[in-house]
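User: I would like a close look at a single part of this protein, explained slowly enough for someone in a first year of study.

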Amino acid sequence: MEIGAASSCSKEHQKIYHEWFAFADSGPIPTPPLIPIPLLAAVRDLTRFDPLPCSRADGDGRITGPDAIKFFGMSRLPRADLKQVWAIADSKRLGYLGFGEFVTAMQLVSLAQAGDEITPDSIKRDDLSSLNPPVLEGLDTLLARSKHLVKRVDQAVDGFPQAQGPSTDHWFTSKSSKKIPLTAVTSVIDGLKRLYIEKLKPLEVAYKFNNFVSPLLTNSDFDAKPMVMLLGQYSTGKTTFIKHLLKTSYPGAHIGPEPTTDRFVVVMSGPDERTIPGNTLAVQADMPFSGLTTFGTSFLSKFECSQMPHPLLEHITFVDTPGVLSGEKQRTQRSYEFTGVTSWFAAKCDLILLLFDPHKLDISDEFKRVIGSLRGHDDKIRVVLNKADQIDTQQLMRVYGALMWSLGKVLNTPEVSRVYIGSFNDKPVKESAVGPIGKELFEKEQDDLLSDLKDIPKKACDRRINEFVKRARAAKIHAYIIGHLKNQMPTMMGKAKAQQRLIDNLEDEFAKVQREHHLPAGDFPYVDHFRDVLGGYSIDKFEKVKPKMIQAVDDMLGYDIPELLKNFRNPYE
């Protein structure tokens, strides 16, 4: 499965684009006297929109909206064409162009100058790599006046260098009270990091949100690639599904009729083929798995990372999981909290695939608990009826109905779940069993699912914003709950009895907080889990609600995030 079209060009064109990219990324573009007067007026008109004039970090490997407007303006293309060029090049909506996206933009500009219509399918053209660079009036003069830039492009590189943005690791190691300059923010993700450290993290730390709900976020949590988690009973084809997408095996993959995957395996991009043990993975600062240390060594010994170079893995990371237990196997207790781990991954993942086998439609007690742990992430869930070519058309109709009935009992939603039907492996569909109509159905279903997967990288930034907002609201409700419980505690005597009474009647206390602050009941945490964690704390030791912290989060949700999205939207809108 390919995601998008990788921009490519000759080494000669690559060197030209590298020089142009370095120039566009070097800061404000001076106005050369040799540019025609009509073009000067057009550039001046375009550069009136400067949403974040202080956000540019020169030479940071990112071309933001203001830089692009001035540079692309030299193409003399209509604003509508440039709007479409930016929208296609910045398909992930990060608010900036790296070198690869810049090359794509330049190739689209060439097409537009040749009179071709610019559409999302334009980047799939076979002749894209052979196009000559676009004509940018006045650029040669500007480059001649900036000869120092030549030093930055004096080497020819095979392939496309991945421009690295400014490092933000030190933001998370410095004191949370330290202000991060606005000039350091050159993307939507950087803006979220800044807001988290300055406004949301202080609230989480003050009321121990990380111990009740989710560990504190790190730099790698924001920068991680989109993740897809596969869940299901053993031998429903989870590992085979990943191999089918990659069109090859990956280190540590085992397939068989018996339960072969006995651990959580993260399949991600890497320079070479290797496996990394879970304990090592959890302490690597550049990996988003440090939060898994809370599940202990017993889990980390059942967790590993499988790395390999693959174009698909440059965009998506897959999480293969152990088969959910059923029947007599459920009596064997795991050495770690399985549903807790799946809940942790569900919060991080962009898509969750529930795989079913036509011969294993029963939803065991453990599988029911696993699906319950996905609460709050219903929009990420997709159901896959795999190995559907093992039964004939009449049986498939009955199996589909039985699956929908079973899911209706555990998902607890009035909406009908989307179910993809197919046989996701490298073997041809058994047309003798399903017939020509069934084969056509499987092909359409597979195309729909692959289309869903291809959209994940494009929606990754939107998903990150969505999860950030959900986290902020959860942290705010958590602070209200803790503050309310704190206020119910006596000042002198009987603290132990008061705490036990509050813990025993936690449902009623939640209802009081909901009524007092007009909060939606669906946003409150699980009572049982909250009660278990709260039992290990002395409520009297918590801080009272600080209105300034709550107001800071409200301002972030109501003003800062909308302003951030406005600043890094398509600069031609």
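By about how many degrees does α21 bend, and at which residue?

Analyst: In this predicted model, helix α21 bends by about 45°, and the residue at which the bend falls is Met556. The helix runs over residues 547–567, and because each of its 21 residues should add 1.5 Å, a span of 30 Å is expected, which agrees with the 28 Å that separates its end C-alpha atoms. Met556, where the bend lies, is also one of the buried residues of α21, a list that further holds Ile550, Val553, Asp560, Ile561, Leu564 and Asn567.

Turning from the helix to the aromatic rings, a search of the whole structure finds 29 aromatic pairs. One of them joins Phe264 and Tyr336 edge-to-face, with 6.4 Å from centre to centre and 65° between the planes. This pair links distant parts of the chain, since Phe264 belongs to strand β4 while Tyr336 sits in the loop between β7 and α14, 72 residues apart. Phe264 has a relative accessible area of 0% and is therefore buried; Tyr336, at 10% relative accessibility, counts as buried too, because the cut-off for a buried residue is under 20%. Ring pairs also link Phe264 and Tyr336 into a cluster whose members include Phe289, Phe295, Trp344 and Phe345.

Rings meet charged side chains as well: Arg62 lies over the face of Tyr96, at 4.5 Å from the ring centre, and Arg418 lies over the face of Tyr420, at 4.1 Å from the ring centre.

Note on methods. Residues are numbered from 1 along each chain as its sequence is written. This is a predicted model: local features need pLDDT of at least 70, side-chain atom pairs count only at pLDDT 80 or more; totals for chains, interfaces and linings use all residues. Side-chain values use heavy atoms; hydrogens and water are left out. Helices (H or I, at least four residues) and strands (E, at least two) are DSSP runs, numbered from the N terminus. The expected span of a helix is 1.5 Å times one less than its number of residues. The bend at a residue is the angle between axes fitted to the seven residues ending there and the seven starting there. Buried means under 20% relative accessible area, exposed over 50%, partly exposed in between (1.4 Å probe, protein chains only). Rings of Phe, Tyr and Trp (its six-membered ring) pair if their centres lie within 6.5 Å; planes under 30 degrees apart count as stacked, over 60 as edge-to-face and the rest as tilted. A charge sits over a ring if NZ of Lys or CZ of Arg is within 6 Å of the ring centre and within 35 degrees of the ring normal.
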